[in-house]
Each structure stands twice: as C-alpha cells, then as structure tokens.
Amino acid sequence: MPIPAPTPVAVLGATGLVGRRILERLARHPWFRIQEVAASERSVGRRLEDLIPSELAERLGPDASDLRLQPMAAGFRSPLVLSALPSAAAREVEPRLADAGHRVVSNASAFRADPAIPLVIPEINPDHLELLSAGEGGIVTNPNCAVAPMALALAPLHRTFGLRSVVATTFQAVSGAGRGGPTVLELSDNVFPSIPGEEEKVEREPQKLLGTLRDGQVVPADFAVSATTTRVPVLHGHMVDLSVALERRASVDQIRSAMEEFAATPGLPSLPGPPLFVSRD
C-alpha cells in the first residue's frame with residue numbers, strides 16, 4: 001500500500017493511557033495526520049474530544065478532536081495503524097488489519113517474541129523493518145517499557161565490546177501498570193517486589209532488539225539476561241539498574257566514549273539530541 005505524506009493514521013485504543021500518549025506525539029506532527037480513532041464498544045460513536053483531557057483536545061485541533069470513535073472491527077482507510085490495545089485484543093485485531101494491507105505498529109506484547117515480526121527501537125535496529133514485505137501489510141512491535149531504555153544503554157556496549165551477560169533490576173513507575181494496576185495509595189511507603197509476567201519480557205526482548213536478520217527472521221544476540229522487576233511509588237518514569245559482563249575488557253573511559261558517541265537515526269522530527277546522556281558523577 002503506498003504511503004502518502006502526511007500519512008493518515010488510525011489510533012486504536014485512543015482513549016486509554018497509552019492511546020492518549022500516542023495522540024500527544026501525533027499532535028502537529030509534520031509526517032502524520034490523525035484520520036481515524038477507535039476504542040472499546042462503550043465509547044463507539046462518541047466524539048474524541050469528549051473522552052480526552054481538554055488540553056489534549058486543544059493541542060490536537062478541531063480536525064482530530066472532532067473525530068467519532070469507531071469500533072475495532074471497522075474497515076479503516078488509513079495505511080498506518082498505531083495500536084494501544086491490550087495484548088488479548090491485539091492478538092485478535094492486529095493480524096486482521098495486517099492481512100487487510102495495513103502497517104500496524106503495536107504497543108502490546110502479543111507478537112514481540114515472534115522471530116518473523118520486527119521488534120524495533122529506531123535508534124538501534126531500523127534494519128529489522130526489512131522483514132516487512134514492500135507494498136504489503138504487516139505488524140511492527142515496540143519493546144516493553146523498561147526494556148526500551150535498557151536496550152539503548154546496552155546497544156553501544158554490545159556493538160563495541162560484546163555482551164556476555166546482564167543482570168537487571170527495574171524500578172517501574174505506577175503509570176506503567178495502566179488502569180487496574182496498583183494505586184499511588186497502595187504503593188505509598190511501599191514497593192511491590194515482583195511484577196507478574198514482566199521479568200520474562202526483560203529477559204527476552206533485549207536479545208531480539210540487538211539480534212541480526214537471517215533467512216527472513218531475527219536471530220537473537222547471544223547473551224544471558226537475569227531480571228528482577230519491581231513497582232515503586234513513582235508516578236512516571238522507570239529506572240533500570242544494570243550489571244554487565246563484557247566479552248572483552250574495557251576501561252571506564254572506553255565505555256563512556258562508546259555510549260556518548262552512540263548516534264541515533266538522523267532526521268526524525270521528534271527525536272531529542274544524543275539518545276544517551278552519560279553522567280560524570
């Protein structure tokens with residue numbers, strides 16, 4: 001399917017926490033135009049403006065905020081679909097849209113482990129998009145919320161020195177659990193020492209992100225990850241503590257240089273400066 005510019009975009013799960021973040025990123029974006037929005041059955045037919053914060057509706061402008069929410073089974077016209085669906089719904093909806101010719105970018109974990117489906121951080125492995133066939137639909141996934149910064153820190157070390165093993169402890173914010181997760185009150189003066197299902201993602205996804213393409217699928221990088229994931233009383237922003245064993249010895253100055261010189265994909269309008277900041281503390 002040809003991709004016009006600016007590209008019309010459909011957002012699935014537009015009224016949820018992740019969906020709203022996607023809408024924020026699309027507001028006044030030079031490459032994309034919000035053409036369609038979809039949500040659960042209870043929201044179908046209502047105007048987007050009525051279900052999102054007023055300041056977000058103002059940023060989006062009347063063309064987007066006045067859109068009516070469609071059902072997930074709608075026949076979307078947009079070539080690009082950004083999905084903020086939960087994993088169970090994503091597993092059902094996203095392959096159907098890909099089969100219909102849409103390029104689906106999924107925030108869910110449902111297809112991240114599939115070696116034939118790209119798991120992408122643009123600063124690390126944009127070449128994995130070669131798994132998508134030209135002119136056809138397909139699914140692209142993004143990583144777990146704690147894996148994203150973790151993989152960015154590991155990428156220059158893996159490329160320069162090689163990774164043998166990684167021990168990771170995450171300190172994940174309340175917002176990362178979404179609706180239905182623990183409340184700030186429940187986490188006040190408290191830490192949840194385990195997040196169900198999270199450790200498996202942290203132990204599996206970095207190798208795929210840092211892997212290579214071979215015979216139409218991703219071959220994961222060969223290093224071990226051992227993870228402990230915790231929920232902490234912080235509203236937004238995750239922290240990851242990493243202990244890394246390298247394949248070859250390196251000084252602190254060499255490691256610092258590798259991380260500071262790590263370059264991002266140029267020309268992305270919403271990308272900040274260097275993707276990594278190395279503190280001198």
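**Packing of helix H1 and the sheet S10-S7-S11**

In this predicted model, the buried residues of helix H1 are covered by a set of elements that includes strand S1 (7–12), strand S2 (32–38), helix H2 (54–60) and strand S4 (80–83). The helix itself spans residues 17–26, and the residues concerned are Gly19, Ile22, Leu23 and Leu26, each of which is buried. When H1 is viewed down its axis, these buried residues fall within an arc of 100°, so that they line one face of the helix. In general, an α-helix has 3.6 residues a turn, and residues three or four places apart therefore point the same way. Beyond H1 the chain continues to arginine 28, for which phi is positive, with a value near 60°.

A second region of the model is organised around an open sheet of 3 strands, arranged in the order S10-S7-S11 with mixed pairing. Its edges are formed by strand S10 (224–231) and strand S11 (239–246), each of which pairs on one side only. On average, and with direction ignored, neighbouring strands of this sheet are turned by 10° against each other. Strand S7, which comprises residues 163–172, pairs with S11 in the antiparallel sense over 8 bridges, and valine 167 stands opposite serine 243 in S11. Helix H7, formed by residues 198–209, lies across S7 and S10 and runs at about 140° to S10.

Definitions and conventions:
Residues numbered from 1 in each chain as written. Predicted model: local features only at pLDDT ≥ 70, side-chain atom pairs only at ≥ 80, totals over all residues. Heavy atoms only, no water. Buried < 20%, exposed > 50% of the residue type's maximum accessible area, 1.4 Å probe, protein only. Helix = DSSP H or I, 4+ residues; strand = E, 2+ residues; numbered from the N terminus. Arc of directions from axis to C-beta. Contact = heavy atoms within 4.5 Å. Pairing = 2+ DSSP bridges. Axes fitted to C-alpha atoms, helices over the stretch in contact; angles between N-to-C directions.
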